[in-house]
Amino acid sequence: MAIRLPIQFAERMKKMLGDEYEQFVKSYESAPRAGIRVNTLKIDPASFAEISPFPLKPIPWCETGYYIPAGSKPGLTPYYHAGLYYVQEPSAMAPVELLEAKPGDHVLDLCAAPGGKSTQIAAHLKGSGVLVTNDISTDRTKALAKNIEMYGVRNAVVLNESPERIADAFPHYFDKILIDAPCSGEGMFRKDEDMVRQWEHHSIERCVLMQRDILDTAARLLAPGGRIVYSTCTFAPEENEAMIGEFLRKNPSFRVVPIRNVSGISGGHPEWIEQAAAEEQFEGLQIEPVSQDEHPDLYAQLQGTGRLWPHLVEGEGHFVAVLQHDGTPLDKPADQPLYVHSTVEKEAAHGRNIKSKKQKHNEKHGGAKHRNRSDQMPMDAELVFRSFVAEQLSVDLPGQTILYGEKVYQTPTQPERLAGLRVIRAGWFMGSVKNGRFTPSQALASALNAEEVKRSVQLIAESGEAVKYLKGDTLELDEDRLVKSGTASPKGYTLVTVNGHSVGWAKWQDGRLKNEYPAGWRWTSV
Ligand SMILES: C[S@@+](CC[C@H](N)C(=O)[O-])C[C@H]1O[C@@H](n2cnc3c(N)ncnc32)[C@H](O)[C@@H]1O
């Protein structure tokens with residue numbers, strides 16, 4: 001066998017799987033399956049298939065997901081830098097498909113870093129509605145923010161918070177909540193052998209306590225009639241069926257939506273809770289077994305949760321449960337006065353608004369849904385930003401414009417909700433105003449397309465010039481390569497695209513394209 005599985009894990013899996021165990025353990029002899037998910041915010045799957053650097057084979061449970069051959073190096077192509085796809089473990093693509101987020105929804109991804117599932121949710125929202133994406137780890141939130149920006153998401157707020165503090169600021173606000181819970185990671189053994197070594201330290205008990213807290217808090221964040229999808233990449237029933245059983249007992253206004261007819265997804269196993277409880281595996285965790293005789297309805301619901309197995313599908317393994325609220329009133333109305341934390345964080349304290357003409361008109365004439373208590377953004381900063389937009393862009397900016405320090409954002413939510421929270425991105429980051437000048441951000445470039453700017457230049461992936469740009473080089477470039485709208489001068493910020501897909505900014509002058517691609521984003525391999 002290629003991987004030495006922890007003995008305790010192997011013994012437990014043998015008891016759980018019985019005759020199927022041999023097949024399960026054999027799956028560890030083959031290589032993990034690699035997958036990508038096409039970013040439909042930037043390209044449709046059929047158009048991507050025409051330019052894909054590797055052969056694509058559809059993943060049955062995700063319309064935009066594809067297997068790619070082992071050893072494909074998907075992180076080393078200009079299209080990766082253009083955010084045309086996300087490299088994602090295939091079974092991890094299932095939960096978001098079951099969340100059924102649609103344009104206009106308010107969606108929360110509570111445990112989101114590094115952003116695989118958040119970028120998938122954003123694709124379902126198609127730029128409309130609100131995505132609040134959060135992770136408790138400060139370090140991992142940096143990767144989350146970068147991925148949100150690389151994938152061209154315009155309607156996301158990125159937080160680095162505890163679920164409790166988000167629940168204080170957004171009580172019963174979300175139509176859909178994803179909990180991709182921290183877990184003991186048993187489904188990661190084949191992909192990352194380090195996870196085998198870490199398994200002993202990632203005790204199931206510790207994970208159960210975290211998962212319980214997160215699930216309890218999610219119920220305070222959901223709007224009546226909303227949906228929670230809970231997922232893990234582990235096989236332990238304590239973290240899966242037992243966790244959902246406990247949640248349903250505490251929250252009778254929720255029911256499991258059975259996962260049926262989704263190719264590759266098998267049913268949940270409530271009998272494993274009883275089996276494990278009988279063997280006292282739950283000592284100290286206070287998880288009650290679910291018996292088919294005594295709790296037939298709960299038992300049947302847990303059978304409707306889903307499992308992806310490495311010996312049954314091409315993927316590493318996942319658990320997923322869809323929890324639907326019945327719409328009865330929850331404890332607090334969704335539009336109750338906003339809670340404002342007493343310790344307002346430095347950045348949030350500086351959150352000030354630039355009001356659009358429409359917002360100002362609404363406020364004057366009493367038509368605004370929401371009045372802002374923050375200070376007005378200084379007129380000079382507003383003018384600087386607005387004149388950049390007028391001179392350089394041809395786009396309707398979504399949401400409300402706000403200033404955090406020097407940084408300008410278009411936020412999809414009410415800025416007051418963010419006061420006191422650790423905000424990593426208050427919305428789509430436009431750029432910074434400093435000394436009377438506006439510098440556009442990388443996030444602005446990666447979410448725009450060539451039709452939305454006054455000046456763009458197309459670099460060709462196959463010619464090598466795209467890689468040169470991505471490495472930070474200055475390019476020699478004739479003026480006639482610039483695509484300008486109307487009477488725009490050739491000088492100034494130019495959107496750089498790779499075969500038509502935006503990657504960053506540059507400035508053209510006298511036959512040279514000065515590189516504005518940020519150092520932290522550059523292509524570093526030779
Ligand atoms: C399985 S990973 C998430 C992977 C991510 N959903 C994706 O698709 O890229 C679980 C994440 O939960 C975060 N986490 C752990 N405890 C948390 C908590 N109490 N609240 C929010 N996030 C938490 C961890 O930092 C980790 O990034």
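**Exercise 1. In what sense do β2 and strand β3 (residues 62-68) pair, and over how many bridges?**

Start with the pair itself: β2 and β3 run in the antiparallel sense, and 3 bridges link them. Keep in mind that you're looking at a predicted model. Next, pick out a facing pair of residues: Pro-58 stands opposite Tyr-66 in β3. Now zoom out to the sheet. It is an open one with 4 strands in the order β2-β3-β1-β4, and its pairing is antiparallel. The edges belong to β2 (57-59) and β4 (85-87), each of which pairs on one side only. Finally, check the twist, which averages 40° from one strand to the next.

**Exercise 2. Work out which strands stand at the edges of the sheet of 6 strands.**

First, write down the order: β21-β25-β24-β23-β20-β22, in an open sheet with mixed pairing. Then look at the two ends. β21 (475-476) and β22 (482-484) each have a single partner strand, so one side of each is left without a neighbour in the sheet. As a reminder, strands in a sheet pair through backbone hydrogen bonds, either parallel or antiparallel. For one concrete case, take strand β24 (residues 501-509) and strand β25 (residues 512-515): they run antiparallel and are joined by 4 bridges. Within this pair, Trp-508 stands opposite Leu-513 in β25.

**Exercise 3. Describe the surroundings of the ligand.**

Begin with the count: there are 18 residues around the ligand, and Cys-111, Gly-116, Ser-137, Asp-180 and Pro-182 come nearest. Then ask which elements supply them. Those giving two or more residues to the shell are α6 (116-125) and α10 (204-221). Sorted by class, the shell holds 11 nonpolar, 3 polar and 4 charged residues.

Now bring in the record. An unreviewed UniProt entry lists Cys-111, Ala-112, Ala-113, Pro-114, Gly-115, Gly-116, Lys-117, Asp-135 and Asp-180 under "binding site". These positions are spread over 70 residues of sequence, yet they cluster in space, with a largest C-alpha distance of 12.6 Å. One of them, Ala-112, sits in the loop between β5 (106-109) and α6.

**Exercise 4. Find the domains, then see how many residues of domain 1 are in contact with domain 2.**

Step one is the domain assignment: domain 1 covers 7-30 + 89-325, domain 2 covers 346-420 + 430-445, and domain 3 covers 450-521. Step two is the contact: 8 residues of domain 1 touch 9 residues of domain 2. Step three is the make-up of that side of domain 1, with 4 nonpolar, 2 polar and 2 charged residues.

Terms used
Residues are numbered from 1 along each chain as its sequence is written. This is a predicted model: local features need pLDDT of at least 70, side-chain atom pairs count only at pLDDT 80 or more; totals for chains, interfaces and linings use all residues. A residue is near a molecule or strand if its C-beta atom, placed from the backbone, lies within 6 Å of it. Ala, Val, Leu, Ile, Met, Phe, Trp, Tyr, Cys and Pro count as nonpolar, Asp, Glu, Lys and Arg as charged, and the others, Gly among them, as polar. Domain bounds come from an automatic or database domain assignment. Two residues are in contact if their C-beta atoms, placed from the backbone, lie within 7 Å. Two strands pair if DSSP finds at least two bridges between them. Axes are lines fitted to C-alpha atoms, for helices over the stretch in contact, and angles run from 0 to 180 degrees between N-to-C directions. UniProt positions are given in the numbering used here, feature names are shortened, and annotations may be inferred rather than shown by experiment.
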